[in-house]
Amino acid sequence: MFANFTFENPEFFWLFILLPVAIAWYFWKRNLQTPALRMSSIQGFKAKSSILAKLRPVLFILRILALALLIVALARPRTVDVSTRTNSTQGIDIVMAIDVSASMLARDLQPNRLEATKAVGEEFIKGRPSDRIGLVLYSGESFTKTPITSDKSVVLRALEDVEFNNILESGTAIGSGLATSVNRLKDSKAESKVIILLTDGVNNSGFIDPKVASELAKEFGIKVYTIGVGTNGMALTPVGIAANGRFQFGNRQVEIDEDLLKQIADETGGKYFRATNNEKLEDIYDEIDQLEKTEIEEFKYTNYDEKFRPFALLAGALLLFELLLRYTLFRSFI
């Protein structure tokens, strides 16, 4: 009921401190408010109680109530109704290019590199409500999992379904993954176009040179953020497949072509990151989220409805009523 009820000048509520003082003063001086007649004896007078004498404190109560209402009126009570309207720009078109080669099942990130990437990517997508996002997957070859779309539920479902399989050619075709992402964004009319390219290896497959793909990205005004995933040193990585069809794991040296990833990022105006654990991967996506902000213009409309008038009018009415009683009914009595 009072959710939108505010006071413009709440400092006037300090005046309420004076009311207890006025009440104390009234009780101290109440015997001096009516004339006193000293007599040696009142035995000759027949005692008769007066109802007006008992009701006289009502005048003071009316005056105190009037003062309290005036203080509330001075504090200017009012209701506030705020309405907003947002006007966002065309936003940012983002393509997330994710390496899905077998090495992404390495367990140096928990539970593995691919699942960690999916978990962090999901939170990143949820935090970009005004942008369009697409999904490209690559290993030895690349393909578009989801074209750029503003329907985040479609992208989230597609990301959830990402897993390693033997359908794609084995290897890591960084150039192909980047070129496919560029192809998704080259005709975009967005003010800002971004590719987040994530890999855990070196370019060893595909027919497109990563440097050529990065030049294409630069030509179309696409910024590329590159992420190298993998701990420093050895990692528990799939090395073969057992008779039951499950992967066999062994420790292998982590090899990431950081020079290439840095060159791609520098060439396109992006930035290179290295994620050696889950926390650093989260921090990287948080930093990219901060670097690529969509400008949203918000207009606020505030409507104030002043409520002090009823308090002031009621205070005036009580004061008039008190004066009327004082100079009529309570004018003279014993």
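1. By class, the lining of the second largest pocket in this predicted model comprises twelve polar, ten nonpolar and five charged residues. These belong to a lining of 27 residues, and those nearest the pocket centre are S101, S103, T172, T237 and R252. The space in this pocket comes to about 500 Å³.

2. Two strands deserve mention for the same lining: β8 (234-241) and β9 (247-253) each contribute at least two residues to the second largest pocket. The largest share is that of β8, with four residues.

3. As for the overall architecture, the protein has ten helices and eleven strands. It contains 334 residues, and 39% of them count as buried. When contacts between residues at least 6 apart in sequence are considered, 80% of them join residues at least 24 apart.

4. In soluble globular proteins, nonpolar side chains tend to be buried together. In the present model, the largest nonpolar core has 31 residues, and I227, L281 and Y285 have the most contacts inside it. At least two residues of this core come from each of the strands β3 (92-99), β4 (132-138), β6 (192-199), β7 (222-229) and β10 (272-275), and likewise from each of the helices α4 (113-126), α5 (152-160) and α9 (278-291). The element that gives the most to this core is α4, with five residues.

5. The surroundings of L281 can be listed in full. Residues up to four places away in sequence being set aside, L281 touches L109, A116, T117, V120, L198, I227 and A275. A second core, separate from the largest, consists of 24 residues, including V136, I174, A217 and V224.

6. A charged position in helix α9 also merits attention, namely D289. Is D289 buried or exposed? D289 counts as buried because its relative accessibility is 17%, which falls under the 20% cut-off.

7. Which residues does D289 contact, apart from its neighbours within four places in sequence? They are F124, G127 and R128. With R128, the side chain of D289 forms a polar contact of 2.6 Å. The pair D289 and G127 is separated by 162 residues in sequence, whereas their C-alpha atoms are 8.1 Å apart in space.

Conventions. Residues are numbered from 1 along each chain as its sequence is written. This is a predicted model: local features need pLDDT of at least 70, side-chain atom pairs count only at pLDDT 80 or more; totals for chains, interfaces and linings use all residues. Side-chain values use heavy atoms; hydrogens and water are left out. A nonpolar core is a set of buried Ala, Val, Leu, Ile, Met, Phe, Trp, Tyr and Cys residues joined through side-chain atoms within 4.5 Å. Buried means under 20% relative accessible area, exposed over 50%, partly exposed in between (1.4 Å probe, protein chains only). Contact means heavy atoms within 4.5 Å. A polar contact is a pair of N or O atoms within 3.5 Å; within protein, one must be able to donate a hydrogen and the other to accept it, and residues adjacent in sequence count only if both atoms are side-chain atoms. On a 1 Å grid over the protein atoms alone, a cavity is a set of points where a 1.4 Å probe fits but cannot get out, and a pocket is an open set with protein on both sides within 12 Å along at least five of seven lines; lining residues have an atom within 4 Å of a point. Grid points are joined across faces, edges and corners, and a volume is the space filled by probe spheres set on the points. Ala, Val, Leu, Ile, Met, Phe, Trp, Tyr, Cys and Pro count as nonpolar, Asp, Glu, Lys and Arg as charged, and the others, Gly among them, as polar.
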